[in-house]
Amino acid sequence: MRFLLVIRESASLKKYEGPSDASEGDAGPEHLLKRHGYRVSASCQSQDIRKKMQEADAVVLQLPITGIRDWEQRLSRWKPVPLLWWCSAETAASSLEACEEDIPVDGILTPTMSAHELHWALHLGGRHFFERRQWLEERAQLVSRLEERKWIDLAKSILCEINRIPEAEAYDVLRRRAMNERKRIVDIATSIVKAHQQLKT
């Protein structure tokens, strides 16, 4: 993880563009990260950020917690990468009212971190990111299976009512039709439910 993209609000951009000898407490994340050997680029412009995302290994969010969710949704569409929150005096103070919010970050960086602390924060942030992505994928698959089960159960209920057959036989009807038409059972079930709904209206 060598190239880090810093995203911050436009109001913060001018404030932190100071001389290279700024103290750690005053400087933004670029000063600290560059000093410890990382390649860093910073921006507050959406189009510029989207271009720079192609080579970014991780993103450092230098903004209040309330702005993180919006950026996470945009970044996940462009290129999912580890997200780390820059917890400085300014961003912490502007986030007090949002301290109970569930924020999608994989780690925290602070202005006083040493090289070793940065290394471990980024390393663990990367691991947390992959675990978070795996959990989101598993959750999406579970939601999809539940949605499929809903359509199949509705279709079985319709077949049971119309044909006056037991539930097991209704499922066999769905399965045979899916095999004959070379479609998934859920696709057959969905078509039956939608056709039934149209006939009722």
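## The second largest pocket

The second largest pocket has a volume of about 150 Å³, a value computed from a model that is predicted. Its lining is formed by Arg69, Glu72, Asp102, Ile103, Pro104, Arg132, Trp135 and Leu136. When these lining residues are sorted by character, they divide into 4 nonpolar and 4 charged, with no polar residue among them.

Two elements, helix H4 (68-78) and helix H6, each give two or more residues to this lining. Helix H6 gives the most to the lining of the second largest pocket, with 3 residues.

## How H6 packs against H8

Helix H6, which covers residues 115-163, also packs with helix H8, which covers residues 185-200, and the two helices meet at an angle of about 55 degrees, with their axes 8 Å apart. Because of this angle, H6 is described as oblique to H8. The crossing of H6 and H8 is left-handed.

## The residues in contact

On the side of H6, the residues that meet H8 are Glu148, Trp151, Ile152, Leu154, Ala155, Ile158, Leu159 and Ile162. On the side of H8, their counterparts are Ile185, Val186, Ala189, Thr190, Ile192, Val193, Lys194 and His196. Taken together, the residues of this contact between H6 and H8 divide into 12 nonpolar, 2 polar and 2 charged.

Helix H6 therefore appears in both parts of this report, and a student who follows its residues along the chain will find Arg132, Trp135 and Leu136 in the pocket lining, while Glu148 and Ile162 are among the residues that meet H8.

Notes:
Residues are numbered from 1 along each chain as its sequence is written. This is a predicted model: local features need pLDDT of at least 70, side-chain atom pairs count only at pLDDT 80 or more; totals for chains, interfaces and linings use all residues. Side-chain values use heavy atoms; hydrogens and water are left out. Axes are lines fitted to C-alpha atoms, for helices over the stretch in contact, and angles run from 0 to 180 degrees between N-to-C directions. Helices (H or I, at least four residues) and strands (E, at least two) are DSSP runs, numbered from the N terminus. Angles under 35 degrees count as roughly parallel, over 145 as roughly antiparallel, 65 to 115 as roughly perpendicular and the rest as oblique. A crossing is left-handed if the near helix is turned anticlockwise from the far one by less than a right angle, and right-handed if clockwise. Contact means heavy atoms within 4.5 Å. Ala, Val, Leu, Ile, Met, Phe, Trp, Tyr, Cys and Pro count as nonpolar, Asp, Glu, Lys and Arg as charged, and the others, Gly among them, as polar. On a 1 Å grid over the protein atoms alone, a cavity is a set of points where a 1.4 Å probe fits but cannot get out, and a pocket is an open set with protein on both sides within 12 Å along at least five of seven lines; lining residues have an atom within 4 Å of a point. Grid points are joined across faces, edges and corners, and a volume is the space filled by probe spheres set on the points.
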